[in-house]
Amino acid sequence: MPASRKRLRIQVEGIVQGVGFRPFVYSAATHLGVDGVVGNDASGVFVEAEGDPTALAALVTALARDAPTLARVDRVATEVMEATGERGFVIVPSPVGGERVTLVAPDAATCTDCLRELADSTDRRFGYPFINCTNCGPRFTIVLRTPYDRPNTTMAGFSMCVECAAEYADPADRRFHAQPVCCAACGPALTLVDGIGRDLGGPPVDTAAELLRAGAVLAIKGLGGYHLAVDAHSEKSVATLRARKHREERPFALMVPNLVAGREIAEIDVVEAELLSTPGAPIVVLRRRAGTEVAQSVAPGSPTLGLMLPYTPLHHLLLKQLAAPIVLTSGNVSDEPIAFTDEDARQRLGGLADAFLTHDRPIHTRVDDSVARVVRGHPQLIRRSRGLAPRPLTLPWTFPAHILACGSELKNTFCLGRDRHAFLSHHIGDLENFETLESFVAGIEHLRDLFDIRPEVVAYDLHPEYLSTKYALELTGVDLVGVQHHHAHIVSCLADNGVDGPVLGVAFDGLGWGPDGTLWGGEFLLADRANYQRLAHLEPVPMPGGAMAVRQPWRMAAAHVQAAYPTGVGGELAVSSRQGRRWTDVLAAAEAGVNAPLTSSMGRLFDAVSALLGVRDAVAFEGQAAIELEGLVDGSETGAYPVSISPDTPMRICAADVVRAVVDDLAAEVSVAVVAARFHNTISDMVLDVCSRLRANTGVAVVALSGGVFQNVVLVDGCVQRLTAAGFRVLTHRAVPPNDGGISLGQAVVAGARAD
Ligand code: ZN
Ligand code: ZN
Ligand code: FE
């Protein structure tokens, strides 16, 4: 053999199975004239490549650079071997057994090749609602167990026809080893049925479109569960849907046929268009256009709209037929989990939907739509779920043991950790009912099995009443690690940025359990991965009525006004006149210490100001008052209020100053938009002031912003601009939500650091 011939063993790690990686290597190698083999093994994909050194180098480069759309290459390692003189290039079968560390890919939106075939009347899958290939289609929602092979998916019951089997077996084909490959002859079929399962006749998609146009509520079986759909132009249909779902005000998401249709109802910039079009296809929160035909009741009082593009072939067919946006919201009643089995859907949605557009491919895991928005030119997740989970985050640190982190109560996710991978789960929901708790437990078991993780360390929130905490404390034979809520927020931000502490962590949210027995939520922490110190916080006030104060922001206004004017306001406020006797009753109860826990929450201060301004006395969902307050901000206003900070340890931030200034502005008849702007400016100024003092004391000049309050774009903008101008490095969230959906990741990393 020629002396120049070399042989390399190449190991590729990451998401490289079930995404068309071996056919990609095969075609790259044959193209470069390289001989050898490629196969899956326990840690990913291995290649033995033999040939001319230049060609080998080109192959190694191509592995990371040109990898298939759904692949994620974490590492390519090479090792020189003895050349064998072998000719040709082959794909070898996967070995059985061994430790599994490979990764299951998330579900992916229909790719452009499949869309072309779907619309091509000469293609054998023309108009077939379940077309997919190695670059797109269902993954996580259909996988029962690993390895990711067809018998281990919910496609096991469909045997491939001769043509599909040939594509599946052909390394040169786009459908080589695409586990859900199918066609009209051998795969799942669509049906349109009424509430008791009677076929409604006619072509399902056409009839479904007619029903929607006629004002019906349609249940549609999607990737991760059932949705409910109505015509987005019809106030009447949207009102019917709200009444049936018992969902009065929370905005509904829309699915639009394409970007052009999306631009008619919302402003979409380049980054937002890209985000909408990613394989994850999240709901993207966009600025709503005025004067469109979209029903006002889709998102009452909101300046934004949540839009998504069709992400399954079924959605594409239906939206093309309709050529108009539809409301597409989770198939459930109020706060229950979304229905995903056919039986459950029939039972729970029977009274809600007029018809079911459904099919016979089972969904194994319930996965809600992801939600994202663009903040300062970068995508930021609000809910990380369908299309993104369970893709792990690869961290710069190694977990010293297998870890389970149980997450928070609201917007729960859990997180499994091993090696350098953090498997942040899909969105589980608010752990406030039995069904959600069940899906939390089932989710943990499923992901543990998929990724072969046997937790030795279990992390939990310090709140004794969280169901996730109770679940953790009942486990035996594991090391339990309690993690403070706001420490978890800050560390989730460190993990999101791959940065080690110490940092100045600004954690602003609704509520989290503090070790001093008060409820925290307006916190400045000096934090690293293992530990934290509370250096500053909002002056605590009572939360009159406990959880009632979350639903009724006027109660927080009462508490903050009382703290700001201990001897009385001297005059009547609009908010107190609206409440009449209740105002004084509630304050009397709070003073007597009846159900009035102390809180330093920033979220509750936003609620109080919102009520003071007459924006919201009561809310239908957490955060509504703050969201509406943000929506009112006059962006041209630069004024702000002074805030005093006491130099104790920890420093105490005087919210009463802010409340008095707001009351004065209201008395002077300053507009709500200007007061809202001054309030936001005040909080940003205060963040800069406190961080500057803490930098002087600690020498730390990196700030991490986390917690649900930082979903507020005006506030993030204000803080980042001020801090950056003052020479701070500022960390914000990207791939992980700033809200409680990110808590489990923070807990996992803290537990890992403490176990080290
Ligand atoms: Zn495809
Ligand atoms: Zn077939
Ligand atoms: Fe929180």
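In this report a residue counts as buried under 20% relative accessible area, as exposed over 50% and as partly exposed in between, with a 1.4 Å probe and protein chains only. The structure is a predicted model, in which local features need pLDDT of at least 70 and side-chain atom pairs count only at pLDDT 80 or more, while totals for chains, interfaces and linings use all residues. Residues are numbered from 1 along each chain as its sequence is written, chains are lettered from A and ligands numbered from 1 in the order in which they are written, and side-chain values use heavy atoms, with hydrogens and water left out.

## Metal sites

Donors here are N, O and S atoms within 2.8 Å of the metal (3.2 Å for Na, K and Ca), and since water is not among the atoms, sites may look incomplete. Four donors count as tetrahedral if all angles lie between 85 and 135 degrees; four count as square planar and six as octahedral if opposite donors are over 155 degrees apart and all others between 65 and 115, and anything else is irregular. The table sets out two sites.

| Metal | Donors | Distances | Angles and geometry |
|---|---|---|---|
| Zinc ion (ligand 1) | Cys 111 (SG), Cys 114 (SG), Cys 133 (SG), Cys 136 (SG) | 2.3 to 2.4 Å | 102 to 121°, tetrahedral |
| Iron ion (ligand 3) | His 485 (NE2), His 489 (NE2), Asp 509 (OD), Asp 740 (OD) | 2.1 to 2.2 Å | 86 to 172°, irregular |

Along the chain, the donors of the zinc ion (ligand 1) have the spacing C-x2-C-x18-C-x2-C. Cys 111 sits in the loop between strand E5 (89-91) and helix H3 (112-118), and Cys 133 in the loop between H3 and helix H4 (162-169), so this pair ties together parts that are 22 residues apart in sequence. Helices (H or I, at least four residues) and strands (E, at least two) are DSSP runs, numbered from the N terminus. Cys 111 is buried, at 13% relative accessibility, and Cys 133 is also buried, at 0%.

For the iron ion (ligand 3), the spacing of the donors is H-x3-H-x19-D-x230-D. His 485 and His 489 are four residues apart in helix H13 (residues 485-497), a separation of about one helical turn, and both are buried.

## Salt bridges

A salt bridge is a side-chain nitrogen of Lys or Arg within 4 Å of a carboxyl oxygen of Asp or Glu, and the whole structure holds 46 of them. Glu 117 pairs with Arg 174 in this way, with their closest N and O atoms 3.0 Å apart. This pair links distant parts of the chain, Glu 117 lying in helix H3 and Arg 174 in the loop between H4 and strand E6 (190-193), 57 residues apart, and both residues are buried.

Another salt bridge joins Asp 685 and Arg 722 at 2.6 Å, N to O. Asp 685 belongs to helix H21 (residues 672-698) and Arg 722 to helix H22 (residues 713-725), so the pair ties together parts that are 37 residues apart in sequence. Asp 685 is partly exposed at 32% relative accessibility, and Arg 722 is partly exposed at 21%.

## Helix H20

The buried residues of helix H20 (residues 655-667) include Ala 655, Val 658 and Val 663. Among the elements that cover the buried residues of H20, by contact (heavy atoms within 4.5 Å), are helix H15 (553-564), helix H18 (602-612) and H21.

How values were computed. Expected span 1.5 Å × (residues − 1).
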